[in-house]
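Welcome, and thanks for opening the viewer. Let's walk through this structure one selection at a time.

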Amino acid sequence: MNSILTSKWTKVVVFSLCLVPLGMLVLRAVQGNLTANPIEFITHTTGDWTLRFLVITLAITPLRKILRLPQLIRFRRMLGLFAFFYACLHFSTWIGLDKFFDWREMWKDVQKRRFITVGFTGFVLMIPLAITSTAGWIRRLGGKRWQMLHRAIYFSAIAGVIHYYWLVKSDVRKPLQYAAMVGVLLAWRLGSWIYDRGQRVAAGAPHAEITTAESA
Amino acid sequence: MLVKRSPELTYRDVTPKGAYANRRNFLLGLLATTGAVAGWKKFSYLVSGPGTGSVPVRLNGVVKGPYNTDEKQTSFNDVTHYNNYYEFGTDKGEPAENAKNFVTTPWSVSVEGEVTKPRKFTMDEILKLAPLEERIYRHRCVEGWSIVVPWIGYSLSTLMKLVEPTSKAQFVAFESFYEPKQMPLGVSAGIELPYVEGLRMDEAMNPLTLLCVGMYGATLPNQDGAPVRMVIPWKYGFKSAKSLVKIRFVQNQPPTTWNIANAHEYGFYSNVNPNVDHPRWSQAKERRIGEFLRRPTLMFNGYGEQVASMYNGMDLKKYY
């Protein structure tokens, strides 16, 4: 298992898999199969995949600890960047296709429509994370500060779920599914933080906190 | 090596008469079996419910109606594969799939309440109450998209006159069919069912208000509200209740489904109004299905000439 996870080919495979949703969308577009309301369909599909990639990214740390597969960390940055990639597609669909570069109207929406405000906030929060996702930036910021900054993804994920929840008319099942997943993943972090703290206190070394960029 | 010699035909090989007859019996048997299978199908239909729903049938003798728009009609495929019918799923592609087996025969509509002559109309009677007219209307969804549909039907007022509403009748409530067995997704739709919508008496009597039995030259497809629905073109689409089973004349404003679900967002009137936004999105523009750019939404969906006078002196921001 470890040799599979550490193989450079696995990264290539995961990268390609992450592009499948986009490929499917392009295929449907070529086939003229984007439903009667293509812009809405593209918006919803890219939005859905943004949330899915956020959930997958947030699942990496719990999974590698529970399954004792530390190598999973190799994929976290890529998955996080794909969440940002689909968020960019989602956002640019809104700008270019839905609102057709009507900046005045969009700014009005961002201020006035709370589901857009919260979605926009979640997206903006992801920008610094994408920029500082390189090894160079981890070095420049230092592991601890880098990690603090990258905890912003928690708020992005929460904002994404609220964005979806506030958008639907009455059937809240799907947004609630995302809420449950994000909730469990964040609760696990809280739980393990409390547990670690307890361990440290018991060991009498409350300040011996070892943080690396990889344990966020 | 085994050589199989073909046997020579002898008199014994001539098919005996009994077998002739048997062949006929066999054919009869075949017929009987077919009948039995058909019978079984009918029987199992009665036991386990329907296997197939209704399919649109061409409507004959449809005349051109008033108020038609000459805007480009939305394609039949889009109107039947992109629509809301929450009893059959909340995704707009779902009703087409999930309403396939919806059984709409036999069907009747009960007209009751504050009327002198309450009455149950069978679907056959409804189809023959008045000449069927084609009405090409704009249809604007509260979600911000719109379509142009050649509906078939006649003014609701035709039916109303037959039952003679009393002076107590101030409002009309329209109730849709709901049966969880046929509509299992209705449970998770997030709205109270059966679906109920309503109009004020004068709105119901307005000649634009259509009792609709078909579209695109044929009876209504299941997912679009078969076999009979309302079409109220100057109001948001959700006011036009589908698959009607009851029309009730009442004294007070009836509670209506979306208003119950969220009164803040969906008013009783819900007239198409570009100046009054939905709390979560603007209603100033709409996306006409098949077009790329949004187009401006018209006051009363462009039917102001026929309906604006009914709302004289009313604050439409308050009565949204």
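## A pair of strands to begin with

Please select Phe174(B) first: its bridge partner in strand 11 of chain B is Ile247(B). Keep in mind on this tour that you are looking at a predicted model.

Now widen the selection to strand 6 (residues 171–176) of chain B and strand 11 (residues 244–250) of chain B. These two strands are antiparallel and are joined by 6 bridges. At Phe171(B), look across to Val250(B), which stands opposite in strand 11 of chain B.

## The other neighbour of strand 11

Keep strand 11 of chain B selected and add strand 2 (residues 108–113) of chain B. Here the two strands run parallel, with 4 bridges between them. For a particular pair, pick Glu112(B), whose bridge partner in strand 11 of chain B is Arg248(B).

## The whole sheet

In what order do the strands of the open sheet in chain B lie? Colour them one by one and you will read 3-2-11-6-7, a set of 5 strands with mixed pairing. Select strand 3 (119–122) and strand 7 (196–200) of chain B next, because these stand at the edges. Each has a single partner strand, so one side of each is left without a neighbour in the sheet. If you look along the sheet, neighbouring strands are turned against each other by 20 degrees on average, with direction ignored.

## Over to chain A

Hide chain B for a moment and show chain A in cartoon style. Chain A has 10 helices and 0 strands, and along the sequence its pattern reads α-α-α-α-α-α-α-α-α-α. Its C-alpha trace spans about 60 × 40 × 35 Å along the principal axes. If you colour by burial, 25% of the 216 residues of chain A count as buried. For a contact map of chain A, take contacts between residues at least 6 apart in sequence: 68% of them join residues at least 24 apart.

## Helix 3 and helix 10

Select helix 3 (residues 38–66) and helix 10 (residues 173–203) of chain A. Their axes are 10 Å apart, and the packing angle is about 25 degrees. Helix 3 of chain A and helix 10 of chain A are therefore roughly parallel to each other, and their crossing is left-handed.

Which residues make this contact? Show these side chains:

- from helix 3 of chain A: Leu51(A), Val55(A), Leu58(A), Ala59(A) and Pro62(A)
- from helix 10 of chain A: Tyr178(A), Met181(A), Val182(A), Leu185(A) and Trp188(A)

Colour this contact of helix 3 with helix 10 of chain A by class and you get 10 nonpolar residues, no polar and no charged ones.

## Helix 3 and helix 4

Keep helix 3 of chain A in view and swap its partner for helix 4 (residues 76–98) of chain A. The axes of these two helices come within 8 Å and cross at roughly 160 degrees. Helix 3 and helix 4 of chain A are therefore roughly antiparallel to each other. The crossing of helix 3 with helix 4 of chain A is left-handed. By class, the residues of this contact comprise 15 nonpolar, 8 polar and 2 charged.

## Where the chains meet

For the last stop, bring chain B back. How many residues does each chain give to the contact? Chain A provides 11 residues and chain B provides 16. On the side of chain A that touches chain B, you can colour 5 residues as nonpolar, 3 as polar and 3 as charged.

Methods
Residues are numbered from 1 along each chain as its sequence is written. Chains are lettered from A and ligands numbered from 1 in the order in which they are written. This is a predicted model: local features need pLDDT of at least 70, side-chain atom pairs count only at pLDDT 80 or more; totals for chains, interfaces and linings use all residues. Axes are lines fitted to C-alpha atoms, for helices over the stretch in contact, and angles run from 0 to 180 degrees between N-to-C directions. Angles under 35 degrees count as roughly parallel, over 145 as roughly antiparallel, 65 to 115 as roughly perpendicular and the rest as oblique. A crossing is left-handed if the near helix is turned anticlockwise from the far one by less than a right angle, and right-handed if clockwise. Two residues are in contact if their C-beta atoms, placed from the backbone, lie within 7 Å. Ala, Val, Leu, Ile, Met, Phe, Trp, Tyr, Cys and Pro count as nonpolar, Asp, Glu, Lys and Arg as charged, and the others, Gly among them, as polar. A residue is buried if 20 or more other C-beta atoms lie within 10 Å of its own, exposed if 12 or fewer, and partly exposed in between; C-beta atoms are placed from the backbone. Two strands pair if DSSP finds at least two bridges between them.
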